[in-house]
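Q: Please take a close look at one part of this model and work outward from there. I would like the contacts, the burial and the backbone details in one connected account.

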Amino acid sequence: MRSQSNGTQLKVMITREQIARRVEELAADISRDFAGQSVIFVGVLKGATIFLSDLARHSSVDATFDFISVASYGDGRESSGEVRLNKDVDTPIEGKNVILVEDILDTGLTLSFLRKLFLAHQPRALKIAALLDKASRRVEPVNADYVGFVIPDEFVVGYGMDYAERYRNLPDICVLPPELA
Ligand code: IMP
């Protein structure tokens, strides 16, 4: 199956229907784990925005949103190896239930950096939700509590994820072939 962006045909790895079903399951897990409690969904800009909005809308917890921004990838495919915080949360997280929402867990550098940073602020609970997990690429030992799909080592775009800021609006998760990178 193929998905189209401005005339470019990309191979679909995960369809919008598969994404929708899995995100509903993750939201049900979160609703069960935090029943009767408040949760701050903290999205990592910009790739996690679509995932966060679907995840939050399908969960029944008392929710607020916040966003952080980090720099790790440049405009290319490879991580620079260092992570920098560009935008912090707007509200204090001490004593709160926090779910960090990320598009892809790849080397783990970003989430291991964020996990340490957040734990230093003493949240009541800290969980990680990652839509995709490229488990074979892990450098830092970090795992997500809620994982959508474990995927092979291919560069993917769509459903919020980009290559050089493009393709975020594709409804399916697609493989970006090397010749387009
Ligand atoms: P990590 O720090 O290596 O785990 O990288 C996490 C970040 O790298 C993700 O939040 C994405 O922004 C980016 N990334 C890793 N793999 C991909 C991909 O296949 N497509 C788009 N972005 C990716």
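A: The side chain of Ser 112 makes a polar contact with the side chain of Glu 140, at 3.5 Å. The model is predicted, and this distance, like the others below, is computed from its atoms. Ser 112 sits in helix H3. Its relative accessible area is 6%; the cut-off for a buried residue is under 20%, so Ser 112 counts as buried.

Not every residue of this helix is covered in that way. Lys 116 is also found in H3, but with a relative accessible area of 59% it is exposed. The limit for that class is over 50%. Lys 116 can also be placed relative to Lys 127: the two are eleven residues apart along the chain, and 12 Å separates their C-alpha atoms.

After H3 comes a loop that leads to strand E7 (125–133), and Gln 122 lies in this loop. The phi angle of Gln 122 is near 50°, a positive value in a residue other than glycine. Gln 122 is exposed, its relative accessible area being 54%.

Tyr 159 has a phi near 50° as well, again positive in a residue that is not glycine. Tyr 159 belongs to the loop between strand E9 (156–157) and strand E10 (173–175). Here the burial is of the other kind: at 7% relative accessible area, Tyr 159 is buried.

Helix H3 also takes part in the surroundings of the ligand. H3 (109–119) and strand E6 (97–105) each supply at least two residues of the shell around the ligand. E6 gives the largest share, with three residues. The shell holds 14 residues, of which Asp 103, Thr 107, Thr 110, Lys 134 and Val 156 come nearest to the ligand. Sorted by class, six of the shell residues are charged, five are nonpolar and three are polar.

The polar distances to the ligand can be listed by residue. For Asp 103, an N or O atom of the side chain is 2.7 Å from an oxygen atom of the ligand. For Glu 102, a polar side-chain atom lies 2.9 Å from a ligand oxygen. For Leu 109 the backbone is involved: one of its backbone N or O atoms lies 3.5 Å from an oxygen atom of the ligand. As for cover, the ligand on its own has 490 Å² of accessible area, and the protein covers 92% of it.

Outside this region, another backbone detail concerns the bond between Leu 45 and Lys 46. This is a cis peptide bond, with omega at about -5°. Lys 46 lies in the loop that connects strand E3 (38–45) and helix H2 (49–58).

Helix H1 can be described by its span and by its two sides. H1 covers residues 16–33, which makes 18 residues, and it reaches 26 Å from first to last C-alpha, close to the 26 Å expected at 1.5 Å a residue. The buried residues in H1 are Ile 19, Val 23, Leu 26, Ala 27, Ile 30 and Ser 31. Seen down the helix axis, these buried residues fall within an arc of 140°, so they line one face of H1. Arg 21 and Arg 32 are exposed, on the other side of H1.

Glu 17 is found in H1 too. With 46% relative accessible area, Glu 17 is partly exposed. From Glu 17 to Gln 37 there are 20 residues in sequence and 29 Å in space, C-alpha to C-alpha.

One further pair gives a separation of this kind. The C-alpha atoms of Glu 82 and Thr 64 are 29 Å from each other, and the two residues are 18 apart along the chain. Glu 82 lies in strand E5, residues 79–87, and counts as exposed at 53% relative accessibility.

To return to the starting point: the buried Ser 112 contacts Glu 140 through its side chain, while H3, the helix that holds Ser 112, is one of the elements that supply at least two residues of the ligand shell.

Technical notes. Residues numbered from 1 in each chain as written. Predicted model: local features only at pLDDT ≥ 70, side-chain atom pairs only at ≥ 80, totals over all residues. Heavy atoms only, no water. Near = heavy atom within 4 Å. Polar contact = N/O pair within 3.5 Å; in protein donor to acceptor, adjacent residues only side chain to side chain. Areas by Shrake-Rupley, 256 points an atom, 1.4 Å probe, with all protein chains shown as cover. Helix = DSSP H or I, 4+ residues; strand = E, 2+ residues; numbered from the N terminus. Nonpolar A, V, L, I, M, F, W, Y, C, P; charged D, E, K, R; others polar. Expected span 1.5 Å × (residues − 1). Buried < 20%, exposed > 50% of the residue type's maximum accessible area, 1.4 Å probe, protein only. Arc of directions from axis to C-beta.
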